[in-house]
Amino acid sequence: MSATSIERVPGQRRAGRRPVTSRSEIEHVALDLFTRNGFETTTVDDIAAAAGIGRRTVFRYYASKNDIPWGAFDEQLGRMRSVFAALPPDVPVMTGIREAVLDFNEVEPAELPWHRQRMQLILNTPALQAHSTLRYEAWRQVVADYAADRLGLPSDALLPQTIGHASLGAALAAYERWLRVEGAELRSLLDEAFRALENGLTGAP
């Protein structure tokens with residue numbers, strides 16, 4: 001599956017294109033426009049016009065343009081908390097985090113090209129970095145909360161926070177390699193990165 005090219009025609013829907021009817025379709029339209037025309041120059045009006053919907057419909061799903069590349073991130077964080085809560089108490093902390101991260105980053109094969117566009121945008125667009133920092137902080141805190149609960153520590157204690165930061169670093173390293181290396185498999189890279197954390201970054205298999 002490849003991204004569909006959509007001409008940027010502010011205020012006008014492309015002839016013959018049906019209005020989009022789901023959140024994921026809006027994201028596909030937006031990601032295509034961001035990739036084609038640039039994030040900063042693409043407006044919410046451009047996205048609405050290309051999608052054949054009203055501006056208010058876009059804001060029904062997203063608080064701002066900056067939220068669109070992140071998709072249903074808050075819902076995914078909620079699912080991640082549920083995965084953590086369901087883990088058996090005898091699972092080692094870092095093993096549990098690896099399992100939850102792999103679940104969090106599970107992507108349907110048909111969505112992988114869009115996910116690649118999404119992550120290219122998030123990681124390489126300067127205008128998104130301040131917003132991304134808030135998202136990273138929320139993700140880290142979910143991990144830190146799980147680690148704190150398992151270790152019997154406050155969630156703002158140094159060790160849980162260190163685990164949260166290290167986990168985010170491992171995830172970002174895996175994503176950057178996935179984007180850079182043609183043919184790389186995202187799940188395998190994430191699994192490898194988090195197994196390295198489990199092994200204390202010793203390089204042991």
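Good morning. Accessible area, the quantity I begin with, is computed by the Shrake-Rupley method with a 1.4 Å probe. By that method, the protein exposes about 10,700 Å², and carbon and sulfur atoms supply 53% of this area. Please keep in mind that the model before you is predicted.

Let me turn to the overall architecture. The protein contains nine helices and zero strands. Read from the N terminus on, its elements therefore run α-α-α-α-α-α-α-α-α, given that helices and strands are numbered from that end. Of the 205 residues in the protein, 45% are buried. As for contacts in the protein with a separation of 6 or more, 68% of them are accounted for by residues 24 or more positions apart.

Next, I would like to consider an annotated segment. Which residues does the annotation "DNA-binding region" cover? According to the unreviewed UniProt entry, it covers residues 43–62. In the model, this span is 75% helix and 0% strand, and its end C-alpha atoms lie 13 Å apart.

Finally, we come to the surface. Leu-151, Leu-153 and Leu-159 form a nonpolar patch there; together, these three residues have about 230 Å² of accessible area. One of them, Leu-159, belongs to helix H8, which spans residues 158–180. Is Leu-159 buried, partly exposed or exposed? Its relative accessible area is 45%. Because partly exposed refers to values between the 20% and 50% limits, Leu-159 is classed as partly exposed. A patch residue must have over 30% relative accessible area, so Leu-159 meets that requirement with its 45%.

Thank you for your attention.

Key:
Residues numbered from 1 in each chain as written. Predicted model: local features only at pLDDT ≥ 70, side-chain atom pairs only at ≥ 80, totals over all residues. Heavy atoms only, no water. UniProt positions renumbered as here; feature names shortened; annotations may be inferred. Helix = DSSP H or I, 4+ residues; strand = E, 2+ residues; numbered from the N terminus. Patch = residues over 30% accessible without salt bridge, like charges linked within 9 Å, V, L, I, M, F, W, Y side chains within 5 Å. Salt bridge = Lys/Arg side-chain N within 4 Å of Asp/Glu carboxyl O. Buried < 20%, exposed > 50% of the residue type's maximum accessible area, 1.4 Å probe, protein only. Contact = heavy atoms within 4.5 Å.
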